[in-house]
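Here's a walk through one model, with a look at how its helices pack and at a few residues worth finding on screen. Have the viewer open as you read.

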Amino acid sequence: MKSKANVGPFGDREAIKRIAYEFVEDKAKEGVIYVEVRYSPHFLANTDVEPIPWNQKEGDLSPDEVVCLVNQGLAEGEKAFNIIARSILCCMRHMPSWSKDVVELCKKYKKDGVVAIDLAGDESLNCEAYPGHRMAYEEAERCGVHRTVHAGEVGPASVVKEAVEVLKAERIGHGYNILEDQVLYKQLLEQNMHFEVCPISSKLTGACDPDFTKHPVITFRKDKANYSLNTDDPLIFNSTLHLDYSTAQNYMGFTEEEFKRLNINSANSSFLPEKEKKDLINKLYEAYGMVENTGF
């Protein structure tokens with residue numbers, strides 16, 4: 001029940017807030033009751049960011065105000081559509097100078113809609129060469145900011161290892177290539193590491209074999225791994241959560257029982273505060289007609 005989305009257009013206050021609001025509307029139509037949307041506030045700003053992205057002229061919209069606008073749009077969407085929406089702020093691998101700002105924004109808005117920090121982008125740019133990311137994640141851990149990292153989508157299993165051991169990631173975005181390192185994979189299974197899997201995205205980006213019957217999530221399913229099914233850039237890929245779920249059902253052997261299991265795992269691995277997380281999990285058990293602690 002997590003989603004990755006581009007919010008824009010850039011530098012436009014009204015549009016940023018409106019798209020955040022409409023994103024919640026779209027998720028509600030898909031039957032989602034809790035969503036975590038991630039974005040880079042710096043990519044949407046045109047001041048207090050160097051370099052200014054997308055060849056924009058200098059303006060007066062800062063990354064801080066971008067976060068405020070997205071928070072407002074999500075909050076209004078929550079009230080209108082009766083779902084819970086939180087956000088994750090992205091560091092970009094090719095812009096380590098932004099990462100300190102990102103973690104400070106996560107800290108500032110920790111109790112106002114922002115639940116975690118993320119690292120996205122070119123996986124060949126590791127944290128040994130770009131220590132700004134490592135320092136931001138160290139600060140996040142020190143201040144109790146939750147951490148997820150895009151790793152093992154197109155990069156090797158060593159990128160997942162770095163995410164877990166250096167950045168102290170609590171969740172892994174994609175993580176498909178973890179299967180190249182069976183020792184690390186089994187270790188993460190034992191640790192109940194959560195993998196944010198995006199089937200439609202993985203085909204369109206070339207991250208996985210285009211034959212869905214060979215997708216790594218089938219191995220995750222067979223091994224009873226902790227993972228979720230998610231959309232990834234739904235506007236770019238013209239996808240919905242329903243499409244990812246139906247693909248898993250039609251091509252990957254997923255059953256209703258497995259969907260229940262992965263959704264409960266998804267809720268358990270969410271970055272909500274514990275009381276809100278417990279309420280979310282209870283809603284799922286009630287909707288599924290299940291008794292809690294039945295092995296799911």
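## Helices 10 and 11

Contact here means heavy atoms within 4.5 Å. Keep that cut-off in mind for the residue lists below, and remember that this is a predicted model.

With that in hand, take helix 10 (residues 241–251) and look at who meets whom: Tyr245, Ala248 and Gln249 in helix 10 touch Phe259, Leu262 and Asn263 in helix 11. Sorted by class, the residues of this contact come out as four nonpolar, two polar and no charged.

Two packed helices are described by the angle between their axes and the distance between the axes. For helix 10 and helix 11, the axes come within 11 Å and cross at roughly 140°, which makes helix 10 oblique to helix 11. The crossing is right-handed.

## Helices 11 and 12

Next, follow the chain on to helix 11 (residues 256–268) and helix 12 (residues 274–288). Their axes come within 9 Å, with a crossing angle of roughly 165°. Angles over 145 degrees count as roughly antiparallel, so helix 11 is roughly antiparallel to helix 12. This crossing is right-handed.

On the helix 11 side, the contact is made by Lys260, Asn263, Ile264, Ala267 and Asn268. Helix 12 brings Lys277, Leu280, Ile281, Leu284, Tyr285 and Tyr288. Split by class, that gives seven nonpolar, two polar and two charged residues. Asn263 is worth a click: it appears in the contact with helix 12 and in the one with helix 10.

## Helices 1 and 2

Now jump back to the start of the chain. Helix 1 (residues 13–29) and helix 2 have axes that come within 8 Å and cross at roughly 35°. The crossing is right-handed.

Helix 1 supplies Arg13, Ile16, Lys17, Ala20, Tyr21, Phe23, Val24, Glu25 and Ala28. Among the helix 2 residues they meet are Val66, Leu69, Val70, Gln72, Leu74 and Phe81. The whole contact has twelve nonpolar, three polar and six charged residues.

Glutamine 72, one of those contact residues, sits in helix 2 (residues 63–81). Is glutamine 72 buried, exposed or partly exposed? At 36% relative accessibility, glutamine 72 counts as partly exposed. To get a feel for distances, try arginine 134: it is 62 residues from glutamine 72 along the chain, and their C-alpha atoms are separated by 30 Å.

## Serine 87 in strand 3

Serine 87 belongs to strand 3 (residues 84–92). Its relative accessible area is 0%, so serine 87 is buried.

What does serine 87 touch, leaving out residues up to four places away in sequence? The list is Val37, Tyr39, Asn71, Leu74, Gly113, Val114, Val115 and Ala116. Leu74 also turns up in the contact of helix 1 with helix 2. Glycine 132, in turn, lies 45 residues from serine 87 in sequence and 22 Å away in space, C-alpha to C-alpha.

## The cysteines

If you're wondering about disulfides, the structure holds zero. Cysteine 90 is in no disulfide, and the nearest cysteine sulfur, belonging to cysteine 91, is 7.8 Å away. For cysteine 91, also in no disulfide, the nearest cysteine sulfur is that of cysteine 106, at 7.0 Å. A disulfide needs the two cysteine sulfur atoms within 2.5 Å.

How accessible are these two? Cysteine 90 has 6% relative accessibility and counts as buried. Cysteine 91 is buried too, with a relative accessible area of 0%.

## Backbone oddities

The loop between strand 2 (34–39) and helix 2 is a good place to inspect the backbone. Proline 51 is found there, and a cis peptide bond joins it to glutamate 50, with omega about 0°.

Tryptophan 54 is found in that loop between strand 2 and helix 2 as well. Its phi is near 60°, a positive value in a residue other than glycine. With a relative accessible area of 48%, tryptophan 54 is partly exposed.

Aspartate 233 also has a positive phi, near 45°. You'll find aspartate 233 in the loop between strand 9 (231–232) and helix 9 (234–237). At 18% relative accessibility, aspartate 233 counts as buried.

How values were computed: Residues are numbered from 1 along each chain as its sequence is written. This is a predicted model: local features need pLDDT of at least 70, side-chain atom pairs count only at pLDDT 80 or more; totals for chains, interfaces and linings use all residues. Side-chain values use heavy atoms; hydrogens and water are left out. Axes are lines fitted to C-alpha atoms, for helices over the stretch in contact, and angles run from 0 to 180 degrees between N-to-C directions. Helices (H or I, at least four residues) and strands (E, at least two) are DSSP runs, numbered from the N terminus. Angles under 35 degrees count as roughly parallel, over 145 as roughly antiparallel, 65 to 115 as roughly perpendicular and the rest as oblique. A crossing is left-handed if the near helix is turned anticlockwise from the far one by less than a right angle, and right-handed if clockwise. Ala, Val, Leu, Ile, Met, Phe, Trp, Tyr, Cys and Pro count as nonpolar, Asp, Glu, Lys and Arg as charged, and the others, Gly among them, as polar. Buried means under 20% relative accessible area, exposed over 50%, partly exposed in between (1.4 Å probe, protein chains only).
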